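Please walk me through this structure. Begin with the strands, then turn to the ligand.

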Amino acid sequence: MHTLERDIAWATEHMPATRATLKALPDLSHVRLACSMHLDIKMIVAIEGLLERGAHIYLTTCNPDTVRNEVVAHCMARGSGNVKAHAWHGMSRADYNTSIERAIAWSPTHLCEMGAEITSVLAVGTAPATHVVAGLEATGSGITRLGKLSPTYPIFNWDDVAVKEGLHNRYMVGITACHAFFNRTRLTFHNKRVLVIGYGLVGRGVCDAARAYGGHISVVEMNAARALEASFAGWPVVSLEEALPSADVIITATGSRHVIKSAHFDLFKSGAFLMNVGHLNEEIDIPALYSNPHANALPYIERVRLGERHVYVLADGGMANLSAGEGDSLNAFDVTLAVMVAGIGFIVESGSGYSPGMHTLPARAWMPVAQRALL
Ligand SMILES: NC(=O)c1ccc[n+]([C@@H]2O[C@H](COP(=O)([O-])OP(=O)(O)OC[C@H]3O[C@@H](n4cnc5c(N)ncnc54)[C@H](O)[C@@H]3O)[C@@H](O)[C@H]2O)c1
């Protein structure tokens, strides 16, 4: 069997909650679903199931670094005309913008987004009229963006539901980020100082996982209440400037831009690793860092020379667990993906009954997934 077919068969076998949720979907033959999402193999399980229910699908990414080209090609071949796509690994910002414009021109009736890119264009005054009935948003970064916009259709936040952020963000990102670090660098964190920036659910998981991989953890957190939580959890809370000179591994988990910027470069310890797991590739100012001499040290690892010192960057500052790793385990992501699929069923059946703007995905949409997934 071809490697991709084998991987898809394996993923499908180990994602029973997603399969069961797909089976329970209504007929989707009237649905034009535009998806802006990470396009990795696990997504194929959902996309194939949606196609079986009759959906028409437009695929773009929410992050060009996490696109697997073979996944896009497979979905287009499998969709036989019902899948349109404009996404490839490493596509430029201009191509990415075009993909969003094409998604809108394709006249979607429903959206499934991770980062609110399509809605961000649709919500500005100059955007074309839209046929969108309802949408889904999966990321904290997208929710923050949407808070500043006035969408003309309801959007359901499924990031803040217990079975998504409480499981995927809280546990899986940290574990898989540490796994990607270990696999790519061949190093663990033993006897290393690991600085975690951002103590949301993702940051908490990163702290726990990095500790399990041997690290000595400290936390930088700008929100005083969250900093206090980190302190109660036993992690030293420090300022970025105070911690950088001794940090061996610096992990950003904030959703904010340029958390690490050129003003910090003089403070790095030589040999330090920089890694991001937040949604934005811009948490670390990579263009500024790469204005210094740099070269590939190992796959996914760039060595940047800073005068007499050097630092290493994982996955060019992209989401390391996805760009340089496999992302969540199939069994854990099964729950996340099943919630997404249940959310699609919900917006198709009930979305039009809600007012424009943000809503949290109701428990009646996702609770059956939790009930099914329980041992
Ligand atoms: N890599 C993945 O697979 C994955 C999965 C889920 C979420 N995410 C992303 O990870 C990021 C964090 O997610 P979360 O659920 O923990 O979000 P969150 O908003 O709950 O937590 C982020 C924390 O970072 C803090 N912060 C923001 N800017 C900061 C700065 N400059 N310095 C210090 N602290 C700062 C905030 O105060 C907040 O406590 C988001 O961008 C989210 O989209 C990534």
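A residue counts as buried if 20 or more other C-beta atoms lie within 10 Å of its own. The model shown here is predicted.

**Strand β5**

Take strand β5, residues 134-137. A134 and L136 point one way from the strand. G135 and E137 point the other way. Are these residues buried or exposed? All of them are buried.

**The sheet around β5**

β5 belongs to an open sheet of seven strands. The order is β3-β2-β1-β4-β5-β6-β14, and the pairing is parallel. Strands of a sheet pair through backbone hydrogen bonds. Which strands stand at the edges? They are β3 (83-85) and β14 (357-360). Each has a single partner strand, so one side of each is left without a neighbour in the sheet. From one strand to the next, the twist averages 20°.

Three of the pairings can be set side by side.

| Strand pair | Bridges | Sense |
|---|---|---|
| β2 (residues 56-60) and β3 | three | parallel |
| β4 (residues 110-113) and β5 | four | parallel |
| β5 and β6 (residues 154-157) | three | parallel |

Individual residues show how the strands line up. L59 stands opposite A85 in β3. L136 in β5 is the bridge partner of C112. L136 also has a bridge partner in β6, namely F156. So much for the pairs; next come the connections.

**How the chain crosses over**

Which helix lies between β4 and β5? The chain passes through helix α6 (residues 117-122) on its way from β4 to β5. This β-α-β crossover is right-handed. β5 then takes part in another β-α-β unit, with α7 and β6. That unit is right-handed as well.

**The ligand shell**

Helix α7 leads on to the ligand. There are 29 residues around the ligand. Which of them come nearest? They are G198, G200, V202, G255 and H279. Helix α7 (140-147) is one of the elements that give two or more residues to the shell. The others are α8 (165-185), α9 (201-212) and α14 (320-323).

What kinds of residue make up the shell? Twelve are nonpolar, 14 are polar and three are charged.

The shell also draws on two domains. Domain 1 spans 3-164 + 329-373, and domain 2 spans 170-323. Each of these gives at least three residues to the shell.

**In short**

β5 has parallel pairings with β4 and with β6. Helix α7 joins β5 and β6 in a right-handed unit, and α7 also gives two or more residues to the shell around the ligand.

Conventions. Residues numbered from 1 in each chain as written. Predicted model: local features only at pLDDT ≥ 70, side-chain atom pairs only at ≥ 80, totals over all residues. Near = placed C-beta within 6 Å. Nonpolar A, V, L, I, M, F, W, Y, C, P; charged D, E, K, R; others polar. Domains from an automatic or database assignment. Pairing = 2+ DSSP bridges. Axes fitted to C-alpha atoms, helices over the stretch in contact; angles between N-to-C directions. Buried ≥ 20, exposed ≤ 12 C-beta atoms within 10 Å, placed from the backbone. Right-handed = clockwise from strand over helix to strand, strands pointing away.
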